[in-house]
Amino acid sequence: MTVQTAAREAPPVIVPVRARVRRLSMEVAKFGVVGGSGVAVNFLVFNLMLHGIGRAPMTATVLASCVAMATNYLGFRFFAYRDRASRTRRQIALFFGFSALGVLMESVLFYAGYHGASMAGPIASNIAKALSIVLASAFRFLVYRTWVFQHDARRE
């Protein structure tokens, strides 16, 4: 290898631990902002359907989760993970596929709280909903950052 060739080759990029922690912290914060707005939408639709117009508990939780999922996609795509790979059919399919699994997890957990633990009153049903959202959100965070909104190596 000549001196000119060596000068043209870029040295490997080593990201310091502090920078990686800061980047992950920002990612978690952005996920929290989008997720927090999704939780607000989820609770609003859930309470409107269950306690407002009297829909069945499982119908209310599934529909509320689906509405929140749709609003979250926009927030994740255009805010939290806007620096990640561009929108593709694969990304959209993965988002909604993993989100559907998240809705299923959330619904099963809500069912266990609402029916299994008798958390059926207005306050208790919201506690069951909150617990189900928190547990399903941990799953969503991991799969969204790992498989859905991957880093585009060309932008690094």
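Phe95 has a relative accessibility of 0% and therefore counts as buried, whereas its partner in the predicted model, Phe96, counts as partly exposed because its relative accessibility is 32%. The rings of Phe95 and Phe96 have centres 5.0 Å apart and planes at 85 degrees, so this pair is edge-to-face, the cut-off for that class being an angle over 60 degrees.

A search of the whole structure yields 13 aromatic pairs. One of them joins Phe76 and Tyr144, whose ring centres are 5.2 Å apart and whose planes stand at 65 degrees, so this pair is edge-to-face as well. Because Phe76 belongs to helix 3 (residues 57–80) and Tyr144 to helix 5 (residues 122–148), the pair ties together parts that are 68 residues apart in sequence. Phe76 and Tyr144 are both buried.

The two pairs are set out below by the geometry of their rings.

| Pair | Distance of centres | Angle of planes |
|---|---|---|
| Phe76 and Tyr144 | 5.2 Å | 65 degrees |
| Phe95 and Phe96 | 5.0 Å | 85 degrees |

The four residues of these pairs belong to one aromatic cluster, which is formed by Phe31, Tyr73, Phe76, Phe95, Phe96, Phe141 and Tyr144.

Charged side chains also meet aromatic rings in this model. Lys30 lies over the face of Phe79, at 5.7 Å from the ring centre, while the charged end of Arg77 is placed over the ring of Phe78, at 5.6 Å from the centre of that ring.

Conventions:
Residues numbered from 1 in each chain as written. Predicted model: local features only at pLDDT ≥ 70, side-chain atom pairs only at ≥ 80, totals over all residues. Heavy atoms only, no water. Phe/Tyr/Trp six-rings, centres within 6.5 Å; stacked < 30°, edge-to-face > 60°. Helix = DSSP H or I, 4+ residues; strand = E, 2+ residues; numbered from the N terminus. Buried < 20%, exposed > 50% of the residue type's maximum accessible area, 1.4 Å probe, protein only. Lys NZ or Arg CZ within 6 Å of the ring centre and 35° of its normal.
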